[in-house]
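Q: I'd like a close look at one part of this protein, and then a walk outward from there to the rest of the chain. Keep it informal, please.

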Amino acid sequence: MAFIEEKYKEIVYMRSEKIGAHHGFLTRWGGVSEGPFASLNLGSNRGDVPDRVRENYRRAAELAGASIDGCVVTNQVHKNEVRIVTAKDKHVCMSQVPYKADGIVTGEKNLPIFCFTADCVPVLLWDEENKAVGAIHCGWRSSVGDILKNAIEKMTVLGANPRNIHAAIGPAIGFCCFETDDDVPQAVTEYLKGDTKGIFSKKENGKTLVDLREANRRRLIALGLKEENIDVSDECTMCAHEKYWSHRYTKGLRGSQASFITLR
């Protein structure tokens, strides 16, 4: 199922029909930043003008349904920590986040939760029946560290059932562009317990192309999600670098985009 492009005021974002909660995978369009950060940069530590980042974040928070200081965000370190968050964890914009977590989940209504990416895989999770959601940053290290297992386990603490969870795997660097050394395919092979048919493509230069979104889709199925409840974006952030932030394309001089989900 294809993702749908939507617009809210200046912001352009993508959404999945598999997720019934209010959510979005933001693009780099619709902000006030300039130069290499143009325009919806949500990264406060990339070198952008702080007041511009703050206005960008205010716009994103409004789309998500909250004030600028009314959301909860990840603090990503490319590990597998997932945190259950509540209104007590609301982030004061531009302040230091007091915990480290590449994934966050909540059962609270009207509390937007955000994760950030610029090639890595964003995964949004939603259990309508049991009222729980998650926003998970799945870089390759977080993925092979089984952050999705930790996320599903934390959602079950909130009452979720894997059979009821819907997942949307958002825009990220694609199979076409995620070129790696041998350590990544080795780790992914272990992560998937050898179920890697079609996930790797060896190149003549000795590197390997890896389909990280497909790897995470398969892991979600192994964790108990129904295949028909999982949606996968077909957009590559590196190929579509004018629409999305891509760390690889810009060689690190870039902003950050966010993915959010809000229970209502």
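Here is the part I mean: is K251 buried or exposed, and what is its relative accessible area? Please start there and then work through the other spots worth a look.

A: Keep in mind that this is a predicted model. K251 is exposed, because its relative accessible area is 76%, and the cut-off for that label is over 50%. You'll find K251 in the loop that runs between helix 6 (247-250) and strand 15 (257-262). Its backbone deserves a glance too: phi of K251 is near 55 degrees, a positive value in a residue other than glycine. For context, most residues other than glycine have a negative phi.

H78 makes a good companion to K251. H78 also isn't a glycine, and its phi is positive, at about 60 degrees. Look for H78 in the loop between strand 4 (72-73) and strand 5 (82-84). H78 counts as partly exposed, because its relative accessibility is 38%.

While we're on backbone geometry, check the link between A38 and S39. The peptide bond joining A38 and S39 is cis, with omega about 0 degrees. As a rule, most peptide bonds are trans. S39 sits in the loop between strand 3 (22-26) and helix 1.

Now back to helix 6, this time from its other side. M238 lies in the loop between strand 14 (230-232) and helix 6. With a relative accessible area of 24%, M238 comes out as partly exposed. Setting aside neighbours within four places in sequence, M238 touches D119, I173, C177, S246, R248 and Y249. Of those partners, R248 and Y249 carry numbers that fall inside the 247-250 range of helix 6. For a sense of span, M238 and V97 are 141 residues apart in sequence, and their C-alpha atoms are 28 Å apart in space.

For a contrast with that loop, go to strand 8 (residues 121-127), where L125 is placed. L125 is buried, since its relative accessible area is 0%. Leaving out neighbours within four places, L125 is in contact with a long list of residues: A132, V133, G134, I136, A151, I152, M155, I165, H166, A167, L220 and I261. The last of these, I261, has a number within strand 15 (257-262), the strand that follows the loop of K251. L125 and H22 are 103 residues apart along the chain, yet 11 Å separates their C-alpha atoms.

A151, one of the contacts of L125, also gives us a way across to helix 1. The C-alpha atoms of A151 and E55 are 30 Å apart, with their positions 96 residues apart along the chain. E55 belongs to helix 1 (residues 50-64) and is partly exposed, at 22% relative accessibility. R58 is in helix 1 as well, and R58 is partly exposed, with a relative accessible area of 33%. From R58 to I68 is ten residues along the chain, and their C-alpha atoms are separated by 4.7 Å.

Next, the cysteines, in case you're wondering about crosslinks. The structure holds zero disulfides. C71 is in no disulfide, and the nearest cysteine sulfur, in C93, is 9.2 Å away. Seen from C93, that 9.2 Å to the closest cysteine sulfur is too far for a bond, because a disulfide needs the two sulfur atoms within 2.5 Å. C71 counts as buried, at 0% relative accessibility, and C93 is buried as well, at 7%.

Finally, step back to the whole chain. The protein chain has six helices and 15 strands. Its radius of gyration is 17 Å, which agrees with the value near 18 Å that a compact globule of 264 residues would have. Along the principal axes, the C-alpha atoms fill a box of roughly 45 × 45 × 35 Å. Buried residues make up 56% of the 264. Among contacts with a separation of 6 or more, 65% link residues 24 or more positions apart. The accessible surface is about 11,300 Å², and carbon and sulfur atoms account for 47% of that surface. As for charge, there are 36 positive and 35 negative side chains, and the centres of the two sets lie 2 Å apart.

Key: Residues numbered from 1 in each chain as written. Predicted model: local features only at pLDDT ≥ 70, side-chain atom pairs only at ≥ 80, totals over all residues. Heavy atoms only, no water. Helix = DSSP H or I, 4+ residues; strand = E, 2+ residues; numbered from the N terminus. Rg over C-alpha atoms; globule rule 2.2 N^0.38 Å. Buried < 20%, exposed > 50% of the residue type's maximum accessible area, 1.4 Å probe, protein only. Contact = heavy atoms within 4.5 Å. Areas by Shrake-Rupley, 256 points an atom, 1.4 Å probe, with all protein chains shown as cover. Lys, Arg positive; Asp, Glu negative; His and termini not counted. Charge placed at Lys NZ, Arg CZ, Asp CG, Glu CD.
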